[in-house]
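Work through the exercises below with the sequence and the 3D view side by side. Try each task before reading its solution.

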Amino acid sequence: KEPMRILRIKRDHLLAESDWTQMPDSPLSSDKKTEYQTYRQALRDITTHSNWPKLEDSNWPTKPS
């Protein structure tokens, strides 16, 4: 249970870190906002990943640049 809790904390941190990208006054283009929406959905879906809870770094979604 503890490894899953730690992974969820990491996921929640990454979501919080990208919250600003979805605000109406975000300076991002609509295309970039869409990229972040996809990234954030992948973070929310991480618990359904086939390697859950034994995730490797490569299993995490890539943050848009």
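The exercises go from the whole chain to single residues, and the model used here is a predicted one.

**Exercise 1. The overall picture**

Task: Find how many helices and strands the protein chain has, and describe its extent and surface.

Solution:
- Step 1. Look at the secondary structure. The protein chain has two helices and zero strands.
- Step 2. Locate the helices. Helix 1 covers 2–17, and helix 2 covers 30–44.
- Step 3. Take the extent. The C-alpha trace spans about 40 × 15 × 15 Å along its principal axes.
- Step 4. Turn to burial. The chain has 65 residues, and 28% of them count as buried.
- Step 5. Turn to the surface. About 4700 Å² is exposed, and carbon and sulfur atoms supply 53% of this area.
- Step 6. Check the contacts with a separation of 6 or more. Residues 24 or more positions apart account for 47% of them.

**Exercise 2. The nonpolar core**

Task: List the residues of the largest nonpolar core, and say what each helix supplies.

Solution:
- Step 1. Start from a general tendency. In soluble globular proteins, nonpolar side chains tend to be buried together.
- Step 2. List the members. The largest nonpolar core has ten residues: Leu 7, Leu 14, Leu 15, Tyr 36, Tyr 39, Leu 43, Ile 46, Trp 52, Leu 55 and Trp 60.
- Step 3. Assign them to helices. Helix 1 and helix 2 each give at least two residues to this core.
- Step 4. Zoom in on one member. Leaving aside residues up to four places away in sequence, Leu 15 touches Arg 40, Leu 43 and Arg 44.

**Exercise 3. A cis peptide bond**

Task: Inspect the peptide bond from Trp 52 to Pro 53, and decide whether it is cis or trans.

Solution:
- Step 1. Read omega. For this bond omega is near 0°, and the bond is cis.
- Step 2. Place the residues. Pro 53 lies in the segment after helix 2, while Trp 52 belongs to the largest nonpolar core.

**Exercise 4. Salt bridges**

Task: Count the salt bridges, then examine three of them.

Solution:
- Step 1. Recall the principle. Side chains of opposite charge can pair when their charged atoms come close.
- Step 2. Count. The structure holds five salt bridges.
- Step 3. Take Arg 5 and Glu 2. Their side chains meet at 2.9 Å, N to O. The two are three residues apart in helix 1, so about one helical turn separates them. Arg 5 is partly exposed at 46% relative accessible area, and Glu 2 is partly exposed at 42%.
- Step 4. Take Lys 32 and Glu 35. The distance in this salt bridge is 3.4 Å, N to O. Because they are three residues apart in helix 2, about one helical turn lies between them. Glu 35 is partly exposed at 38%.
- Step 5. Take Asp 12 and Arg 11, which meet at 2.9 Å, N to O. Asp 12 is partly exposed at 41%. Arg 11 counts as buried, because its 12% relative accessibility is under the 20% limit.

**Exercise 5. A charge without a partner**

Task: Examine Lys 33, and find its nearest side chain of opposite charge.

Solution:
- Step 1. Place the residue. Lys 33 sits in helix 2.
- Step 2. Look for a partner. Lys 33 is buried and has no salt bridge; Asp 25, the nearest side chain of opposite charge, is 7.1 Å away.
- Step 3. Compare with the cut-off. A salt bridge needs the atoms within 4 Å.
- Step 4. See what surrounds Lys 33. Not counting residues up to four places away in sequence, Lys 33 touches Thr 21, Gln 22, Met 23, Pro 24, Ser 26 and Leu 28.

Note on methods: Residues are numbered from 1 along each chain as its sequence is written. This is a predicted model: local features need pLDDT of at least 70, side-chain atom pairs count only at pLDDT 80 or more; totals for chains, interfaces and linings use all residues. Side-chain values use heavy atoms; hydrogens and water are left out. Helices (H or I, at least four residues) and strands (E, at least two) are DSSP runs, numbered from the N terminus. Buried means under 20% relative accessible area, exposed over 50%, partly exposed in between (1.4 Å probe, protein chains only). Contact means heavy atoms within 4.5 Å. Accessible areas come from the Shrake-Rupley method with a 1.4 Å probe; for residues, only the protein chains shown count as cover. Lys and Arg count as positive and Asp and Glu as negative; His and the chain ends are not counted. A nonpolar core is a set of buried Ala, Val, Leu, Ile, Met, Phe, Trp, Tyr and Cys residues joined through side-chain atoms within 4.5 Å.
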